[in-house]
Amino acid sequence: MSGFTIRRVRPQDLDACHALEACCFPPAEAASRESIATRIARFPEAFLVAEAGGAVVGHVNCGATRKDDITDEAFKALVGHDPAGPNLVVFSLATAPDWRGRGVAAALMARLVAEARARGRGRVLLLCKEHLKDFYRGLGFADGGPSASAHGGAAWREMRLDLG
Ligand SMILES: CC(C)(COP(=O)(O)OP(=O)(O)OC[C@H]1O[C@@H](n2cnc3c(N)ncnc32)[C@H](O)[C@@H]1OP(=O)(O)O)[C@@H](O)C(=O)NCCC(=O)NCCS
């Protein structure tokens with residue numbers, strides 16, 4: 001890791017995280033400002049940012065659940081979020097375009113996974129597009145096959161990391 005640090009999100013990061021989300025995902029997939037605000041307020045434990053020169057250059061945010069079905073759209077606004085749930089579900093992982101390829105996403109995920117393990121969570125789950133399957137495999141995730149989700153009109157795969 002060089003030139004950036006990983007830290008927990010703060011309420012004042014809302015605009016920067018919303019801007020990052022909007023620049024990194026197509027409109028149908030980007031979380032709304034309201035959803036980002038809800039995630040910061042209700043589950044900062046699993047919302048990390050990468051900061052460089054005082055700017056947010058990456059983030060990862062999650063919800064927690066006891067369920068194995070992670071295709072529920074309302075969950076992304078933390079409807080049904082259970083902070084004590086064993087499954088951590090990653091909603092978005094994003095690195096600002098200028099910062100890609102420098103280990104920002106890998107560092108965010110490494111910290112997220114280390115903290116989840118330390119807190120006794122069981123698994124980290126996420127949905128990703130086909131072309132990012134190998135990216136998540138490189139971070140230690142197993143490919144759980146195609147997902148039933150049709151979020152944003154795209155095809156998704158389920159990825160999982162058992163923390164055991
Ligand atoms: C996907 C994304 C988060 C990667 O961020 P990043 O900070 O550039 O990733 P890193 O530099 O930490 O890369 C980690 C590893 O994954 C590899 N990698 C990065 N992007 C990749 C891609 N698109 N496909 C396959 N491997 C990739 C890197 O080469 C690196 O491997 P290495 O450790 O062997 O060198 C970033 O491209 C992004 O924000 N994309 C738009 C939003 C998005 O699609 N997010 C994922 C949602 S499911």
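**View 1. The shell around the ligand is a mix of nonpolar, polar and charged residues.** In this predicted model, the shell divides into 10 nonpolar, 4 polar and 3 charged residues. Here Ala, Val, Leu, Ile, Met, Phe, Trp, Tyr, Cys and Pro count as nonpolar, Asp, Glu, Lys and Arg as charged, and the others, Gly among them, as polar. Altogether, 17 residues surround the ligand, and Thr95, Arg100, Val104, Ala105 and Ala106 are the closest. A residue belongs near the ligand if its C-beta atom, placed from the backbone, lies within 6 Å of it. Strand S4 (87-95), helix H3 (104-118) and helix H4 (133-138) are the elements that each give two or more residues to this shell. Helices (H or I, at least four residues) and strands (E, at least two) are DSSP runs, numbered from the N terminus.

A word on reading these views: residues are numbered from 1 along each chain as its sequence is written. As the model is predicted, local features need pLDDT of at least 70 and side-chain atom pairs count only at pLDDT 80 or more, while totals for chains, interfaces and linings use all residues.

**View 2. The chain combines 4 helices and 7 strands.** Follow the sequence and you will meet them in the pattern β-α-α-β-β-β-α-β-α-β-β. The C-alpha trace spans about 40 × 30 × 30 Å along its principal axes. Of the 164 residues, 35% are buried, meaning that 20 or more other C-beta atoms lie within 10 Å of the residue's own, with C-beta atoms placed from the backbone.

**View 3. An open sheet of 7 strands has mixed pairing.** Its strand order is S1-S2-S3-S4-S5-S7-S6, where two strands pair if DSSP finds at least two bridges between them. Strand S1 (5-8) and strand S6 (142-146) stand at the edges with a single partner strand each, so one side of each has no neighbour in the sheet. On average, neighbouring strands are turned by 25° against each other, direction ignored. Helix H3 packs on the sheet and touches S1, S2, S3, S4, strand S5 (123-129) and strand S7 (156-162); touching rests on contacts, that is, C-beta atoms placed from the backbone that lie within 7 Å. The direction of H3 makes about 35° with that of S3; such angles run from 0 to 180 degrees between N-to-C directions, with axes fitted as lines to C-alpha atoms, for helices over the stretch in contact.

**View 4. Strands S2 and S3 form a hairpin.** Strand S2 (residues 47-52) and strand S3 (residues 55-65) run antiparallel and are joined by 6 bridges. You can trace the pairing from valine 49, whose bridge partner in S3 is histidine 59, to alanine 52, whose partner in S3 is alanine 55. The hairpin has 2 residues between the strands, and glycine 53 takes a positive phi near 55° there.

**View 5. S3 also pairs with S4.** The two strands are antiparallel over 8 bridges, and alanine 64 has leucine 88 as its bridge partner in S4. S3 is mostly covered, with 10 of its 11 residues buried. In the loop between S3 and S4 you will find leucine 78. Leucine 78 has a positive phi of about 65° although it is not a glycine, and this residue is buried, with 20 other C-beta atoms within 10 Å.

Note on methods: Buried ≥ 20, exposed ≤ 12 C-beta atoms within 10 Å, placed from the backbone. Contact = placed C-beta atoms within 7 Å.
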